[in-house]
Amino acid sequence: MTYQLDTPGRRATARKARRASAQSSPRGAIQALPLGDPTGGANARDWRKLVDGKQRYPRVNIDRSAIITMSDGIRLRATVVRPANRFGQAITTPYPVIVNINPYNRAVIGGIDKTLHAPVIGHAISSASAAIDGTGTALEGLTQLTRTVAGGALDVFGINRNLVRSGYAQVIVDVRGTGASQGKWQILGTREQQDSVEVIDWAATQAWSNGKVGLAGWSYSAINSLQAADKRPPALGAVFAIEGCDDIVRDIYITGGMPSAFIPVWLSAVNLLKWVPNPATPVRDLVRGDTARWLRDRIKSPATELPSLAWGFLTARDDRIFDDPYFDERDPKVDQIDVPTFTVGAWHDLFGHSATNVYNRLKVAPGRKQVIVGDGYHLDVGSGFDGKFAPPRLDVLERAWFDRWLKDTENGVEHYGPVTMMQQGGSWTSGESFPRPGVSTQQVFLTSTTSASAPHSHFDGSLDSNATQRFSSHSVRPNRHSIASRDTSQVTAGATIALGKSFSVDARAQERGGLSFSTAPLTDSVSISGSMNLHLNVETSGHEGIWAVTVNDVAPDGCSTVLTNGALTVSNRAIDETQSTYDDNGVLIAAHHYLTREAKLPVPADRPVEIDVDLVPTDAIIEAGHRLRVDVYAASVPRYLTVIPDLVKARGRHQRLVLDPDQPSYLTLLASAPLT
């Protein structure tokens with residue numbers, strides 16, 4: 001499949017090809033997809049019919065009392081879902097098993113399942129999710145979240161009744177130390193990873209299993225799916241992972257050396273849910289002694305990791321405030337995975353770096369690996385899928401993926417994609433790689449010349465093809481404007497997009513507290529694809545500096561939409577050159593900072609220091625008449641938090657961006673043409 005840059009002409013050609021394919025394709029035939037068709041074409045229509053049509057079995061049998069004993073004696077609790085006849089009796093025919101290992105308590109997952117399949121309310125929720133689209137109204141953000149239900153994400157997250165009724169078994173397990181499972185929660189640690197492998201082995205050897213196992217999950221369960229896959233258990237045949245992660249440190253835990261507000265909120269939620277016992281079998285658990293063992297383990301670890309997180313934030317003396325072996329053992333070894341793996345991500349997800357990095361690190365052939373990246377967040381994944389030019393629903397793709405690799409069904413899913421992306425500012429595209437072909441290294445320099453496009457900003461400068469010719473210094477301080485921002489929506493997993501456009505597509509409120517640098521309006525459209533690096537010359541009055549940056553697409557009406565973001569504390573500026581990305585000429589494209597305690601560097605007061613801020617890889621098109629903008633901030637709370645010792649060192653954070661002809665500041669990116 002040849003991949004081309006997305007252009008109006010190319011989109012028109014693709015639409016004609018889709019129509020021709022639909023008119024000429026024999027019903028049920030496996031089709032080679034038209035050029036760059038993100039919808040999946042005729043094949044996807046067949047996949048959807050299989051999911052939405054009559055299934056092989058009329059009902060499912062749900063056993064919420066299963067016990068899986070680990071090699072160290074800890075008992076994990078599981079829900080087993082099997083196909084059933086019209087009387088609800090489980091079918092004895094063995095089928096492939098889909099495993100989901102989740103820390104969010106099966107009671108919650110069961111509640112979601114019961115609600116979505118309640119006689120009247122379930123259909124009403126599903127129908128409303130698909131039908132109500134508030135695009136262009138004050139409800140746009142809210143309906144972007146609610147349409148996740150119609151996009152199929154909850155079927156991958158929890159019980160997928162249609163999948164089971166088609167001829168699968170499903171096992172949903174409470175992670176060790178969470179839900180009703182015994183033990184101490186390890187948060188993706190080595191013992192927990194061993195549990196995943198043992199659960200797979202258990203599922204493969206049950207009488208109702210044919211020995212083939214698939215892993216599916218969203219977020220945490222996507223990460224532990226990738227972890228388990230890198231162990232190469234023999235029964236594992238395929239993985240379907242939504243918004244997983246391969247570098248927890250840089251994605252969300254301590255991005256640029258700064259914790260995020262998401263981690264303590266998330267830890268608190270899981271720790272709270274782990275105190276909810278199994279509501280399905282309370283009497284039996286009490287009689288067998290399971291309740292006593294469960295309670296003993298909860299008392300031993302009532303609030304896992306929260307005290308150490310607080311201690312590290314207050315003192316910086318906990319190793320988990322830095323990149324540490326603690327995280328190394330938790331990051332999936334993606335390059336060791338050898339089974340077909342389908343991943344889904346989003347440009348503004350909590351795990352934005354991983355959205356494309358996981359795909360690129362996988363060593364399996366394209367087709368056997370697939371990636372979809374949407375223009376969204378963590379909680380709205382799948383929103384808008386199944387639209388006219390959008391990918392199929394996630395539950396449709398999951399069924400097609402497992403049918404192909406666990407049942408050997410020749411359905412053509414390996415010919416989809418393999419890289420399907422929502423190009424920010426453009427439309428859905430499909431191709432063979434990320435970054436997309438046709439881009440090369442470009443640089444634009446920050447200058448003090450007024451662009452006249454950002455009078456609302458604290459400072460309005462320009463981006464130019466040449467370095468600044470005069471020296472200037474521009475002060476910036478932390479402020480409240482960062483609260484209403486896309487940074488906030490990223491760290492809240494997308495929840496705050498319901499509050500309005502300032503939290504999603506219009507950064508002008510945030511820009512009131514920042515330094516803005518914009519190009520002139522582009523004369524032709526330019527595609528951007530890949531990593532970015534912002535080189536800055538900065539100084540601070542204290543011994544620490546905190547910098548947050550965004551790169552934006554500015555429309556002719558002034559609306560400034562964040563395409564990507566990044567951050568760095570100045571003391572963490574040391575770069576690991578062996579892990580960083582350079583182009584063929586040695587130009588730095590993506591800086592990989594050590595972020596370790598040992599690699600921290602001193603920050604001199606009132607002396608310029610050069611730093612490189614790596615930004616989340618992205619894909620966008622800047623249309624003719626639009627501008628590219630770089631925004632520079634002294635902070636962005638709550639996305640990036642500063643540990644107390646660093647705040648003390650910052651001494652009030654009087655920070656300055658120094659524009660110096662001898663030490664220029666500039667953005668390096670991959671684009672289809674120069675931007676100035």
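Select Cys559 to begin: at 17% relative accessibility, Cys559 counts as buried, where buried means under 20% relative accessible area, exposed over 50%, and partly exposed in between, with a 1.4 Å probe and protein chains only. The model on the screen is predicted, so local features need pLDDT of at least 70 and side-chain atom pairs count only at pLDDT 80 or more, while totals for chains, interfaces and linings use all residues. Residues are numbered from 1 along each chain as its sequence is written, and side-chain values use heavy atoms, with hydrogens and water left out.

Select Cys245 next. Cys245 is buried, at 0% relative accessibility. How many disulfides does the structure contain? The count is 0 disulfides, a disulfide being a pair of cysteine sulfur atoms within 2.5 Å.

**Strand S3 and its partners**

Move to strand S3, residues 95-102. Helices (H or I, at least four residues) and strands (E, at least two) are DSSP runs, numbered from the N terminus. In S3, 8 of the 8 residues are buried, so the strand is largely enclosed by the rest of the structure.

Now add strand S4, residues 169-174, to the selection. S3 and S4 pair in the parallel sense over 6 bridges; two strands pair if DSSP finds at least two bridges between them. Then add strand S5, residues 209-218, which runs parallel to S3 and is joined to S3 by 4 bridges. Which residues stand opposite Val97 in these two strands? In S4 the residue is Ala169, and in S5 the residue is Val213.

**The nonpolar cores**

Select Val171. Its contacts (heavy atoms within 4.5 Å), not counting residues up to four places away in sequence, include Val97, Ile98, Val99, Trp202 and Trp208.

Val171 also belongs to the largest nonpolar core, which has 99 residues. A nonpolar core is a set of buried Ala, Val, Leu, Ile, Met, Phe, Trp, Tyr and Cys residues joined through side-chain atoms within 4.5 Å. Val99, Val171, Trp266 and Phe402 touch the most other members of this core. Select helix H17, residues 394-406, which supplies the largest share of the core, 8 residues. Apart from this core lies another, of 37 residues, among them Val526, Leu536, Val549 and Ile611. In soluble globular proteins, nonpolar side chains tend to be buried together.

**Salt bridges**

The structure holds 40 salt bridges, a salt bridge being a side-chain nitrogen of Lys or Arg within 4 Å of a carboxyl oxygen of Asp or Glu.

Select Asp290 and Arg77, which form a salt bridge with the closest N and O atoms 4.0 Å apart. Asp290 lies in helix H13 (residues 290-300) and Arg77 in strand S2 (residues 75-84), so the pair ties together parts that are 213 residues apart in sequence. Asp290 is buried, at 5% relative accessible area, and Arg77 is buried, at 3%. Extend the selection to Arg75, Asp285, Arg288 and Arg293, which are linked with Arg77 and Asp290 in a network of salt bridges.

Select Asp646 and Lys600 last. Their side chains meet in a salt bridge of 3.5 Å, N to O. Why does this pair tie together parts that are 46 residues apart in sequence? Asp646 lies in helix H20 (residues 644-650), whereas Lys600 lies in the loop between strand S21 (588-590) and strand S22 (609-622). Asp646 is buried, with a relative accessible area of 4%, whereas Lys600 is partly exposed, at 23%.
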